[in-house]
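Trainee: Could we go through this structure together? I should like to begin with the charged side chains and then move to the buried parts.

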Amino acid sequence: MSNKAILEINGQKHEFPTVTGSENEVAIDITSLRAVTNGVTTIDPGFKNTGSCVSEITFLDGEKGILRYRGYSIEDLAEKADFLEVAYLLIFGELPTKEALGKFHADIKSESVVDDDIRKIIDAFPKSAHPMGVLSSLTSALTAFNPSSVNVDSQEDMYKSVVRILGKFPVLVAWAMRKKQGLPLDYGDNTLGYVENVLKMMFKQPNEDYVQNKIIVNALNKLLILHADHEQNCSTSTVRIVGSSHAGLFASISAGISALWGPLHGGANQAVLEMLEAIKADGGDTKKYMAKAKDKSDPFRLMGFGHRVYKNFDPRAKIIKVTADEVLNDLGIEDPILDIAKGLEKEALTDAYFVDRKLYPNVDFYSGIIYRAMGIPVEMFTVMFALGRLPGWIGQWREMRLRKEPIGRPRQIYTGSTQRSFESVAK
Ligand code: CMC
């Protein structure tokens, strides 16, 4: 592949260098474009063709259905790793030694108490509030309770802020759910593993002990790993761009949570389950909903299908589908929703509309079925996605700050009125 690209505009040729990644992805470096063309810019709504950064964290090949964190395949990590190990890998670049992992976990535990005054903020929310809104607000509020800004040039400062958010975030996740259910807000149990602690904080009833279920612990560990990073998706790009103004880590993550909430992004897991429920309530006629999804005059989309980058199976969806089967089987749950999901998938994979557009099940298609089997309420599904995505957001924010990336500030092409003079309303 040539290492330069030539652009001809206004009768002049300009040469631009290319950048090649470690997996041979090629990008045209247009950082000098405006200067050499006297102000010409590019336009690419939705950034479908635009790379916003170079990154060493996650590689994905959407055509081949490959996803790797720091070079390790998602299949390997989901099968063999522990969520905290993966978090460490994503944030710091290498898998931890046993000692480093032990210290990392101990440091996270030492940060797992949130200021008790945060309860007052939670109390001000109505019970009907969506937990993603509550989580985003509380994460932002953490800044007020931990005001010292991170000195990114200090490894110690950076590490401290990383373990702080990893320690406090699961508490907020659990509180967002318990508030809705009218349960007392409690702290976790520092004798437990990270995932076990999350489950206990979420599900412990005030009048009984919480008994861990290995099947549920393993399934949640796997789901969190599968969601942990996905390069420059909408919420991660949000975290990087907010952080690029030198806003703090918690404020940047709070913005990422809001971006994740939308049904075209992380909110799809809730939307999928609601869609499957609606199909079931409507008699289970999957063909009717396939037709709706293909009808351009109908806004309905088959939620959990399609992806900006994957034009092949989402490798995470493959793992989650098998896990859904295993978890339901192991827990002895029969869920007709799973059959409806499998039916829809089968139809879509042979339907010309979906085949032509390369629309395959994505990570959100089967995950809700597992969350439901675990007893997690539908409105909490996207919150669970956020819990998994947290290390990715942190790692990407840290990488952006350490590289001293410039403030994110896209250009536009103005198509509004040209200059006109103001007339006072009295006239
Ligand atoms: N159902 C029906 N048609 C679809 C769907 C769908 N789920 N997804 C895409 N299409 C059609 C779309 O109408 C368009 O058709 P045409 O070429 O005739 O205009 C074509 O496929 C390309 O779609 P697009 O919207 O231009 O593609 P995009 O890359 O901008 O959007 C997407 C990707 C994920 C937003 C979209 O596929 C979608 O809305 N899917 C449903 C929501 C969903 O499952 N989101 C979770 C994404 S994975 C996890 C995550 O990112 O958080």
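Mentor: The discussion below turns to salt bridges, a surface patch, and some helices.

Trainee: What should I know about the model before we begin?

Mentor: This is a predicted model, in which local features need pLDDT of at least 70 and side-chain atom pairs count only at pLDDT 80 or more, while totals for chains, interfaces and linings use all residues. Residues are numbered from 1 along each chain as its sequence is written, and side-chain values use heavy atoms, with hydrogens and water left out.

Trainee: How many salt bridges does a search of the whole structure find?

Mentor: The search finds 26. A salt bridge here is a side-chain nitrogen of Lys or Arg within 4 Å of a carboxyl oxygen of Asp or Glu.

Trainee: Which side chain does Arg68 meet in a salt bridge?

Mentor: Arg68 pairs with Glu23, at 2.7 Å from N to O. Arg68 belongs to strand β5 (residues 66-69) and Glu23 to the loop between β2 (12-20) and β3 (26-28), so this pair ties together parts that are 45 residues apart in sequence. Strands are DSSP runs of E with at least two residues, helices are runs of H or I with at least four, and both are numbered from the N terminus.

Trainee: Are those two buried or exposed?

Mentor: Arg68 is partly exposed, at 22% relative accessible area, and Glu23 is partly exposed as well, at 37%. Buried means under 20% relative accessible area, exposed means over 50%, and partly exposed lies in between, with a 1.4 Å probe and protein chains only.

Trainee: And where do Arg316 and Asp314 stand, buried or exposed?

Mentor: Arg316 is buried at 2%, and Asp314 is buried at 0%. Their side chains form a salt bridge of 2.8 Å, N to O.

Trainee: What about Lys64?

Mentor: Lys64 has a salt bridge with Asp61, the closest N and O atoms being 3.8 Å apart. In that pair Lys64 is exposed, with 61% relative accessible area, whereas Asp61 is buried at 17%.

Trainee: Which residues are linked in a network of salt bridges?

Mentor: Glu56, Arg240, Glu399, Arg403 and Glu405 are linked in that way.

Trainee: Changing topic, which residues gather in the patch of positive charge on the surface?

Mentor: The patch consists of Lys48, Lys296, Arg301, Arg308 and Arg357. Patches are made of residues with over 30% relative accessible area and no salt bridge, with like charges joined within 9 Å and nonpolar side chains (Val, Leu, Ile, Met, Phe, Trp, Tyr) within 5 Å. Arg357 sits in the loop between α16 (352-356) and α17 (364-373) and is partly exposed, at 40%.

Trainee: Now the helices. How many residues of α3 are buried?

Mentor: Helix α3 (residues 83-92) has eight of its 10 residues buried. Among them are Phe83, Leu84 and Tyr88. Just after α3, Gly93 has a positive phi of about 100°.

Trainee: What does Leu338 touch?

Mentor: Leaving aside neighbours within four places in sequence, Leu338 is in contact (heavy atoms within 4.5 Å) with Ala324, Asp325, Leu328, Tyr366 and Ile369. Leu338 lies in helix α15 (residues 336-350) and is buried at 6%. The C-alpha atoms of Leu338 and Leu328 are 9.3 Å apart, and the two residues are 10 apart in sequence.

Trainee: And where does Gln270 lie?

Mentor: Gln270 lies in helix α12 (residues 268-281), where Gln270 counts as buried at 11% relative accessibility. Not counting residues up to four places away in sequence, Gln270 touches His130, Val378, Glu379, Phe381 and Thr382.

Note on methods:
Accessible areas come from the Shrake-Rupley method with a 1.4 Å probe; for residues, only the protein chains shown count as cover. Lys and Arg count as positive and Asp and Glu as negative; His and the chain ends are not counted. The place of a charge is taken as NZ of Lys, CZ of Arg, CG of Asp or CD of Glu.
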